[in-house]
2 protein chains.
Amino acid sequence: MIRRLAPVVLASLALSLSAQTTSTHDAPVGGFSVPAAAAEHSLEAQYDARLDRNDLRDWMKRLTARPHHLGSAYDRDNSEFIASLFRSWGYETAIEEFQVLFPTPKSRLLEMVGPQHFTANLAETPLTDDPTSSQVSEQLPTFNAYSIDGDVTGDLVYVNFGVPKDYEELDRRGIDVKGKIVIARYGGSWRGIKPKVAAEHGAIGCLIYSDPHDDGYFQGDVYPKGAFRNDSGAQRGSVMDMPQYPGDPLTPGVGATATAKRLDRKDATTLTKIPVLPISYGDALPLLRAISGPVAPQEWRGSLPITYHIGPGVARVHLKLEFNWDMVPARDVIARLRGSQRPDQWIVRGNHYDAWVNGAEDPISGQVAMLEEAKAIGQLAKEGHRPVRTIIYAAWDGEEEGLLGSTEWAETHAEELQRNAVVYINSDTNGRGFLGVEGSHTLERFVNEVARDVNDPERNVSVLQRLRARQLTTAAAGDRKSLRSQDGIRIGALGSGSDYSAFLQHLGVAALNVGYGGEDGSGSYHSIFDSYSHFTRFVDPDFQYGLTQARTTGRMVLRLANAEVLPFEFTHMADTVARYADDLTHLAASMREEAEERNLEVNDQSLVLAADPTEPMAAPKPETVAPYLNFAPLQNAVAHLQRSAKAFDAVRVNAIAASPNASVNQESLDRVLMHAERMLTRDQGLPRRPWYRHFVYAPGYYTGYGVKTLPGVREAIEQRQYPEAEQQVTILAGVLDAYAAEIDRATALAQGRKE
Amino acid sequence: MIRRLAPVVLASLALSLSAQTTSTHDAPVGGFSVPAAAAEHSLEAQYDARLDRNDLRDWMKRLTARPHHLGSAYDRDNSEFIASLFRSWGYETAIEEFQVLFPTPKSRLLEMVGPQHFTANLAETPLTDDPTSSQVSEQLPTFNAYSIDGDVTGDLVYVNFGVPKDYEELDRRGIDVKGKIVIARYGGSWRGIKPKVAAEHGAIGCLIYSDPHDDGYFQGDVYPKGAFRNDSGAQRGSVMDMPQYPGDPLTPGVGATATAKRLDRKDATTLTKIPVLPISYGDALPLLRAISGPVAPQEWRGSLPITYHIGPGVARVHLKLEFNWDMVPARDVIARLRGSQRPDQWIVRGNHYDAWVNGAEDPISGQVAMLEEAKAIGQLAKEGHRPVRTIIYAAWDGEEEGLLGSTEWAETHAEELQRNAVVYINSDTNGRGFLGVEGSHTLERFVNEVARDVNDPERNVSVLQRLRARQLTTAAAGDRKSLRSQDGIRIGALGSGSDYSAFLQHLGVAALNVGYGGEDGSGSYHSIFDSYSHFTRFVDPDFQYGLTQARTTGRMVLRLANAEVLPFEFTHMADTVARYADDLTHLAASMREEAEERNLEVNDQSLVLAADPTEPMAAPKPETVAPYLNFAPLQNAVAHLQRSAKAFDAVRVNAIAASPNASVNQESLDRVLMHAERMLTRDQGLPRRPWYRHFVYAPGYYTGYGVKTLPGVREAIEQRQYPEAEQQVTILAGVLDAYAAEIDRATALAQGRKE
């Protein structure tokens with residue numbers, strides 16, 4: 001489901017290039033003693049030798065041969081095929097099935113009823129150049145999952161991306177969407193935010209269209225000449241209110257097993273409040289052209305050959321949507337390889353296999369790389385290299401609708417996972433280009449070492465070195481010096497958008513999300529054109545980045561499975577949290593200054609005087625200026641965390657070198673390390689969304705996929721809830737103190753002291 | 001000719017709003033004693049009372065009734081009409097005629113010869129909604145004046161704006177325009193830069209098209225529904241190499257009188273080196289759509305519904321241009337009102353009257369405001385309020401082709417002007433919105449006082465207060481505090497683009513350029529749609545900003561004509577020059593840092609590693625890193641200037657208050673003050689362009705209209721001519737020292753000391 005941004009945005013990283021010349025086989029590996037590291041390098045060489053790009057190509061062809069969305073015949077067929085593969089490689093394999101709510105269109109109508117009549121086509125046009133695009137009878141029509149039924153007629157208002165600040169802009173112009181139908185363009189936030197915010201402002205319907213600026217001709221030649229979205233292409237996708245909770249809307253917090261207690265559909269809070277429909281720019285053009293009223297602000301204008309107006313007025317549309325509110329099976333394929341020595345420590349690795357249509361890029365590109373990884377690891381196990389810890393592969397179903405398969409499985413197995421899961425490593429779409437990693441910063445150094453040891457197929461340097469080159473050459477001039485001097489990789493924080501959410505943000509299992517991209521042509525996302533044909537022309541034609549992905553995540557799994565001591569460390573996490581805490585103080589200060597400046601401009605009439613009297617404008621109102629907040633508890637907790645992290649770092653290597661000296665019980669140390677991330681969660685969860693329990697990482701309530709770090713405090717400030725912000729500072733400080741205490745326990749164990 | 005940018009860009013200004021509440025009639029006026037200021041305020045009230053918007057409307061209708069470009073019958077007719085008006089108001093009026101080279105099209109052909117055939121229309125489509133647009137027989141066709149004749153065929157390359165940094169981008173991709181025809185979009189620089197830079201890179205022809213992003217549908221509804229350029233609209237304009245010298249190409253530096261010695265046309269260096277043609281986006285679309293090759297960088301892409309490719313290739317065009325290389329008369333209307341007491345001190349005030357076609361906005365909007373001003377001042381003179389100093393009104397011809405009328409007149413009268421001219425006040429197009437002023441910073445305080453005393457017709461505050469509100473509300477967050485604390489107005493520096501160039505930059509006469517705009521709809525610039533009909537719908541429908549302009553420039557003229565001592569002062573100039581000097585040191589430092597960083601990226605392979613191997617790229621080459629330059633002579637001279645300016649400021653008011661005490665000879669002081677600006681010039685002029693003699697202000701050699709301050713040093717640094725930069729630092733320091741010494745003379749006179 002996730003739409004991969006250029007990895008530069010997702011992760012920030014720098015290792016000195018000279019450090020890259022170390023021979024891979026001598027390089028130290030966190031969690032391994034020197035001799036063990038040498039053995040690990042040798043195992044990884046054997047692992048690499050087993051990877052074969054022809055598998056990726058064959059499996060992609062097989063898995064994308066027909067549309068395979070959740071609940072479809074071919075989705076089931078694929079699950080059986082994937083399960084059979086795992087079994088053939090020696091995994092204990094089961095398909096776990098859940099019953100989930102999945103509405104699909106019964107009828108869709110969008111027509112402009114004035115000033116002219118126009119009926120939207122609402123269909124992607126199959127192309128002879130792309131054989132699977134003509135499998136119309138099996139394709140889901142273009143729609144947004146978890147839109148409610150509706151039959152509404154209203155004037156159209158163009159709301160840009162439809163995020164909160166766009167409505168502030170409308171407010172300044174005195175434009176109200178109450179009783180109106182809004183049309184938003186894709187981009188600027190996750191799509192599900194658009195109908196949510198529209199409904200909060202009183203809109204009665206929401207259209208979301210793909211502006212050619214976003215992934216159409218503005219970006220490059222359109223399909224089939226090029227990779228990008230053509231005028232019939234529309235973006236399917238879920239609009240479930242995932243920032244509240246993901247997964248089956250009827251079973252928040254518990255597994256959607258056959259016998260689970262379910263909400264009434266009317267009580268499911270993650271369905272939209274208004275009907276929503278995605279459309280192509282071919283369908284959007286007549287509507288947008290007909291809108292009158294003020295010209296949209298410059299930043300709102302897309303790449304259609306029209307003047308963008310805001311409305312409301314002249315253009316009036318009728319939107320009628322009815323869905324089949326069916327319960328369908330979500331079938332997760334779960335494959336286990338039991339660890340030889342520490343079987344109760346689980347390395348969980350997942351990638352979904354369901355798609356919106358044929359889904360070659362999303363998700364099969366990631367799925368086939370993971371399968372290749374599982375194949376090689378299974379073969380190594382058969383040949384005597386069984387991992388120390390247990391490895392669990394999961395091919396998730398129902399990700400596209402709202403992380404259904406992974407969420408329901410994680411909720412079902414919550415207790416075991418909280419006890420036994422070391423880490424969850426996710427992947428999803430994968431393409432040509434640069435490494436992108438986000439995740440728990442306790443693994444930042446670990447990621448660093450893996451990226452150092454994987455070769456980039458295009459440039460024959462490590463993927464780390466190539467990413468660093470990219471970051472240096474694209475950084476703002478002012479940032480380059482610090483980027484050059486920075487030691488080690490920086491990974492991004494996880495928001496939402498793929499199957500890691502339940503593990504990291506609900507259960508407190510350390511997680512990573514890993515993939516390549518940035519040089520591949522986009523534009524087929526969630527359309528009938530995300531096909532084998534498109535993928536092998538524009539995304540990763542030779543599957544060389546599929547292989548690179550397998551080399552990367554395979555190393556991660558093997559190192560985590562085989563390390564003498566789990567390679568978690570805390571200084572990167574502590575420094576990252578310190579930066580986030582700094583951000584918060586700056587955020588509060590800049591919001592205060594902006595409100596003060598705005599109030600000056602209201603009071604001295606500048607806002608009125610500067611405005612064009614021929615353009616509509618609401619009378620400017622003063623804002624409440626934020627009070628100074630007490631950040632001291634947070635700052636003290638961060639200082640504590642940094643001290644504890646440093647202390648552990650000083651003894652970490654000893655704990656490994658000491659092995660097999662019984663004075664350090666490595667397994668006990670592992671258990672403290674793997675549970676440390678849990679300390680960053682609280683059972684009560686975040687304000688107004690208790691499913692999200694992690695106090696360092698959460699998807700933004702108004703950004704969707706976009707992460708909010710230290711979310712309790714940050715969102716309270718952003719939403720101007722200042723008493724709540726101070727409460728959350730105290731809560732967060734408590735969380736970080738407890739976390740630091742857990743690190744102190746690890747330090748004691750690593751020193752061979754009794755707990 | 002000038003295309004007015006939003007005035008916020010042109011001038012930066014701030015006065016505390018509270019200061020605006022002073023009653024206009026009590027407000028101090030620079031150069032006037034308290035009783036004289038009161039009399040002046042009373043005179044200005046009488047002046048205002050004589051202004052009548054019906055005159056503006058009637059004259060605009062009259063002057064724009066037919067096309068009236070240089071050399072046309074109606075241009076001559078207009079000159080006689082304007083002269084008759086001046087005579088009727090009591091001005092000694094003459095028409096001074098020059099003979100200038102003005103090529104007009106004999107034949108124009110643009111066709112695509114492959115991959116498909118397409119012949120460009122090259123014509124604007126008349127509209128029934130706009131009556132004068134159908135006067136086809138009198139309209140100049142769409143063309144660029146001073147393009148050479150040519151008949152070329154070549155592959156097309158899209159070069160974005162066609163400025164030097166665009167060619168750097170092409171270089172990085174290994175794309176060469178040698179032997180190719182380039183197509184550039186309007187914007188990013190003055191149009192004449194595009195063929196100049198294209199020819200420097202070996203191109204054989206140049207097309208310039210109006211992308212809808214610039215002034216078409218992206219900006220607003222197109223004509224006739226809205227103000228903006230429609231798909232047949234093309235932008236005429238001069239492409240003479242004005243940064244070398246403006247005016248008649250055959251008579252650089254001397255007046256183009258009947259008997260002047262002329263260059264052979266082949267020796268005229270300001271003609272283009274390659275044929276150039278402007279086209280509409282209707283004509284550009286098939287060409288741009290046919291170009292293949294790499295996709296253009298994101299910032300290069302406009303608003304046409306296509307993917308922008310760079311080429312070269314597939315699209316191949318044939319461009320054939322022939323011109324009638326005629327000599328035509330340029331007829332300046334010169335009207336004098338002799339000063340009663342200091343007749344040898346001239347206040348020169350000008351606005352051109354020639355247009356590309358009907359020219360309602362450009363230039364008649366400014367012309368009619370100036371005429372109204374002259375009418376009222378003439379009437380006041382008849383009634384006994386004859387000005388102390390001489391006022392000269394000039395209605396210039398041939399501005400559009402390259403400032404022909406003003407330049408030839410200034411060159412012809414160079415000696416008198418250098419002796420007698422106090423100031424040149426220019427205007428050109430005028431529209432609805434905000435005051436914009438650029439010019440000599442010795443008049444910054446003066447402009448400030450005038451803006452304080454003119455009322456904005458839309459918001460009923462001073463135009464100063466309204467502009468400040470605009471600047472505050474549009475400033476970057478970080479700039480607002482300093483803007484609020486800043487005392488007084490900041491005016492922009494003058495580059496080129498209208499008739500002030502010869503006065504300021506060739507003769508060293510202090511100059512101002514004044515106009516309103518920023519709320520008017522653009523898009524008719526240099527087209528058949530710049531008509532009375534368009535103007536009265538979209539630019540200044542009620543002529544209220546025409547009246548406001550007359551109130552503004554009329555005050556300027558009256559105050560300069562009647563002041564007891566000329567209101568020049570030097571602290572604003574000194575502080576401005578100090579800021580410019582700071583800019584230079586930062587420029588040198590940042591260029592050095594950028595070159596160092598780039599060389600690091602070349603040497604450590606980052607540039608290669610970061611690149612997509614499937615995209616074309618030239619091997620990156622290291623750059624020469626700029627040496628540290630010795631700015632000390634400049635810094636010392638600036639310090640000297642600041643001391644001298646402060647010293648004069650301390651005695652300035654005394655010199656006025658002392659009047660009529662004979663110990664201060666005000667007329668002698670005036671002569672020093674009015675000649676001070678001459679000290680900023682040198683007879684040798686700037687490197688490689690001796691016509692430009694001013695060492696603080698010049699149009700950029702590679703920007704055209706855009707100003708380069710301290711141009712000798714700045715352009716040497718920008719063009720990496722480091723030895724020349726150091727020479728120019730020394731020269732500039734000498735100029736500033738001599739200027740400071742002149743200020744010291746003024747101080748001595750103001751103190752009643754003998755010179």
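How many residues of domain 1 of chain A are in contact with domain 3 of chain A, and how many does domain 3 bring? Keep in mind that you're looking at a predicted model. The count is 23 residues from domain 1 of chain A against 27 residues from domain 3 of chain A. Going by C-alpha atoms, the centres of these two domains are 28 Å apart.

Let's see who does the touching on the domain 1 side. Strand 11 (342-352), helix 13 (444-452) and helix 16 (501-506) of chain A each put in at least two residues. Helix 16 of chain A gives the most, with three residues. Sorted by class, this side of domain 1 of chain A holds 13 polar, seven nonpolar and three charged residues.

To place all this along the chain, look at how chain A is divided. Domain 1 comes in two pieces, 7-100 and 328-562, while domain 2 covers 103-324 and domain 3 covers 571-750.

Now step inside chain A and find strand 9, residues 276-279. In a regular strand, side chains alternate between the two faces of the sheet. Strand 9 of chain A is covered on both faces: A:Val276 and A:Pro278 are buried on one side, and A:Leu277 and A:Ile279 are buried on the other. Strand 9 of chain A also pairs with strand 7 (residues 205-209) of chain A, running parallel over four bridges. If you want one spot to click on, A:Cys206 has A:Val276 in strand 9 of chain A as its bridge partner.

A bit earlier in the sequence sits helix 6 (residues 193-200) of chain A, which is mostly covered, with six of its eight residues buried. The buried set is A:Ile193, A:Lys194, A:Pro195, A:Lys196, A:Val197 and A:Ala198, so by the 20-neighbour cut-off within 10 Å even A:Lys194 and A:Lys196 count as buried. What do these buried residues pack against? Their partners in chain A are helix 5 (164-172), strand 6 (181-185), and the pair you've just met, strand 7 and strand 9. Right after helix 6 of chain A, check the backbone at A:Gly202, which takes a positive phi of about 95 degrees.

Finally, zoom out to the two chains. Chain A and chain B each put 35 residues into their contact. On the chain B side, helix 14 (463-474), helix 19 (571-603) and helix 20 (606-610) of chain B each supply at least two residues. Helix 14 of chain B has the largest share, six residues. By class, the side of chain B that touches chain A has 15 nonpolar, 13 charged and seven polar residues.

Key:
Residues numbered from 1 in each chain as written. Chains lettered and ligands numbered in written order. Predicted model: local features only at pLDDT ≥ 70, side-chain atom pairs only at ≥ 80, totals over all residues. Domains from an automatic or database assignment. Contact = placed C-beta atoms within 7 Å. Nonpolar A, V, L, I, M, F, W, Y, C, P; charged D, E, K, R; others polar. Buried ≥ 20, exposed ≤ 12 C-beta atoms within 10 Å, placed from the backbone. Pairing = 2+ DSSP bridges.
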